[in-house]
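User: Could you take a close look at one helix in this model for me, and then show me what lies around it? I'd like to know which way its residues face and how the neighbouring parts are put together.

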Amino acid sequence: MASYDFDHPPDRRNTGSIKWDKYAGGDVLPMWVADMDFAAPPEVLEALRRRIDHGVLGYGMGPAELKPTIAAWLQRRHGWEVDPQCIVYVPGVMTGLSAALRATTAPGDLVATTVPIYPPFLTLPQHIDRRRADVPMLPAEDGRGPWKLDLDALHDVLGQGARALLWCNPHNPCGRIFGVDELRQVAQACLESGALILSDEIHADLLLSPGARHVPMATLSPQIAERTIVFMAPSKTFNIPGLVFSFAVITDDGLRGQFRKALRDVVPWPNILAYEAALAAYAHGDHWLDELLNYLRGNYSLLLEAVEGLGPVRMAPIEGTYLAWLDVRQLGLEKPGEHFERHGLGLMDGKEFGLPGYVRLNFACSRQLLTEAIGRLKRAVESA
C-alpha cells in the first residue's frame, strides 16, 4: 500500500493561491485560511487527468455511483446509514446554508449561531435580511481545557424565537468534537422551540483525538433528523476546496423538497471535475486520509509543546480540524493579527470570528514549515 509524502508538499507560491499569494513578495508564512498545503490524493489527481484528457468540459451530472459511494463513506467512517436519495449536491457549504435559510425562514427572522465561529456564519444572516443572535462558546477557566457551549444562552436565544441554528461540528475555530450528550441537549432545545438545525460538518473526517468519533447531528433520532440538514464535503478532508463541491443530507422528504426549490435556477450545479474528484476521493481515499491524520497529529503535538512553553499564550485541546485557536489576550495587543504579520506569521485575527484577543493558526503544512512558524510565533510573543 502506498505511503504518502507530506513532508515535501508542492510549492504554492505564484500559483493563484488565495492562501499563499496574499503575502506575495513578503516574508510572511501563510497560516491563516483553512486549506492544507498538501497535494490531493493521487487517485483524485488521476481521475481529474482522465477527465481532462477526454477534452470536453461541458455541463455535467453526478456519476450514478457517486451518491452510493458517499453513503458508503458515511457508513464506513461515521457509522451513519444514509439513503443515497437523501443526498443533494451543492457547490459549497455556505451556498447550501444560504439556500436552506432562504427556504425555511423569512426576512426579519432570527437566526442563532455560536461565537466564536467561522466568519461567514456571522455575515450570512444579514446578507439575506435575517437577524442574528449569538450563543457564546465558553473557554475553560485555565484556557487550556475544551470549550463548551453556553446552553443557558442557547435556550434564551431560542426562546426569543430563533427559527434556525447555524451549528458547526467539529467546531471551527474552537476545535471541539461535540459528544452525544452535548449534541442531544442542543438538538432537544431546538426541537422544543421548533428551530431548524443547519449543521456544518465539513471537518467531520479530520479527527485528531485518539479514538475520537464524529456523531452526525441527524443520527441522534428520527425526530431530530426530520429537523436537521447536515452539510459535508470532501474539500477539507482531501484538500480540494477549489473545486467547490459539497452535499447536504436531508432525510425528510418535505424539507428536502423545500431545499431543492431554493436551489433551482439560482444555484449552479457542481462542475464535472468536482464530481470526478469527489467520487475518487470517497471511493479510494481511506488510506491517504489515515496517513494524513497521523501527520497532522504529529504537527499538533509539536505545536502544543511549543505553546505550552509560551507562558502568556494558551491553546485549548484540538480534537478535530487542523486549526489551532490561540488565546493571546495576555499579550495586550490591540490588533493581534497585524502584530504577528509584522513578525512574519500570517494568522486570522479572532475579531473576524466574533471574539477579539485570539488568533487562528492552520498547521496543515510540512513539519519544516511548522517548525519555522513556531520560531516566528515565539519571537512575536517575546516582542509583545
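Analyst: Happy to help; here is a walk from one helix outwards to the sheet and the cores. Please keep in mind that this is a predicted model.

Let's begin with helix α7, which covers residues 180-193. With 14 residues, α7 reaches 20 Å from its first C-alpha to its last, close to the 20 Å expected at 1.5 Å a residue.

Which residues of α7 are buried? They are L183, V186, A187, A189 and C190. These buried residues lie on the same side of α7, because they cover an arc of only 155 degrees around the axis. The general background is that an α-helix has 3.6 residues a turn, so residues three or four places apart point the same way. On the other side of α7, D181 and E192 are exposed.

What covers the buried residues of α7? The cover includes the strands β5 (148-149), β6 (164-168) and β7 (196-200), together with the helices α6 (151-159) and α8 (222-226). Just after α7 comes G194, with a positive phi near 85 degrees.

Now for the sheet. β5, β6 and β7 belong to an open sheet of eight strands with mixed pairing, in the order β2-β9-β8-β7-β6-β3-β4-β5. Its edge strands are β2 (87-90) and β5, each pairing on one side only. Within this sheet, β8 (residues 228-232) and β9 (residues 246-249) run antiparallel and are joined by three bridges. M232 stands opposite F247 in β9. Helix α3 (residues 66-78) lies across β2, β8 and β9, and runs at about 110 degrees to β2.

Next, the nonpolar cores. The largest has 77 residues, and those with the most contacts inside it are M31, F247, L326, F340 and F363. Helix α12 (residues 286-308) gives the most to this core, with 10 residues. A second, separate core of 35 residues includes A187, along with W147, C174 and M217. A187 is also one of the buried residues of α7.

F363, from the largest core, is worth a closer look. Leaving aside neighbours within four places in sequence, its contacts include L208, L296, N299, Y300, L303, I318 and L370. F363 is also in contact with L323 and A324, both of which are buried in strand β11.

Strand β11 (residues 323-327) is mostly covered, with five of its five residues buried. L323, W325 and D327 point one way from β11, while A324 and L326 point the other way. That fits the general pattern: in a regular strand the side chains alternate between the two faces of the sheet. β11 runs antiparallel to β10 (residues 314-315), to which two bridges join it, and antiparallel to β14 (residues 358-362), to which five bridges join it. L326 stands opposite V359 in β14, and M315 stands opposite L326 in β11.

M315 brings us to one last contact, that of G143. Where is G143 placed? It is in the loop between β4 (131-138) and β5. G143 counts as buried because its relative accessibility is 15%, where buried means under 20%. Not counting residues up to four places away in sequence, G143 touches R314, M315 and A316. G143 and R314 are 171 residues apart along the chain, yet their C-alpha atoms are separated by 5.8 Å.

Conventions:
Residues are numbered from 1 along each chain as its sequence is written. This is a predicted model: local features need pLDDT of at least 70, side-chain atom pairs count only at pLDDT 80 or more; totals for chains, interfaces and linings use all residues. Side-chain values use heavy atoms; hydrogens and water are left out. Helices (H or I, at least four residues) and strands (E, at least two) are DSSP runs, numbered from the N terminus. The expected span of a helix is 1.5 Å times one less than its number of residues. Buried means under 20% relative accessible area, exposed over 50%, partly exposed in between (1.4 Å probe, protein chains only). The arc is that of the directions from the helix axis to the C-beta atoms. Contact means heavy atoms within 4.5 Å. A nonpolar core is a set of buried Ala, Val, Leu, Ile, Met, Phe, Trp, Tyr and Cys residues joined through side-chain atoms within 4.5 Å. Two strands pair if DSSP finds at least two bridges between them. Axes are lines fitted to C-alpha atoms, for helices over the stretch in contact, and angles run from 0 to 180 degrees between N-to-C directions.
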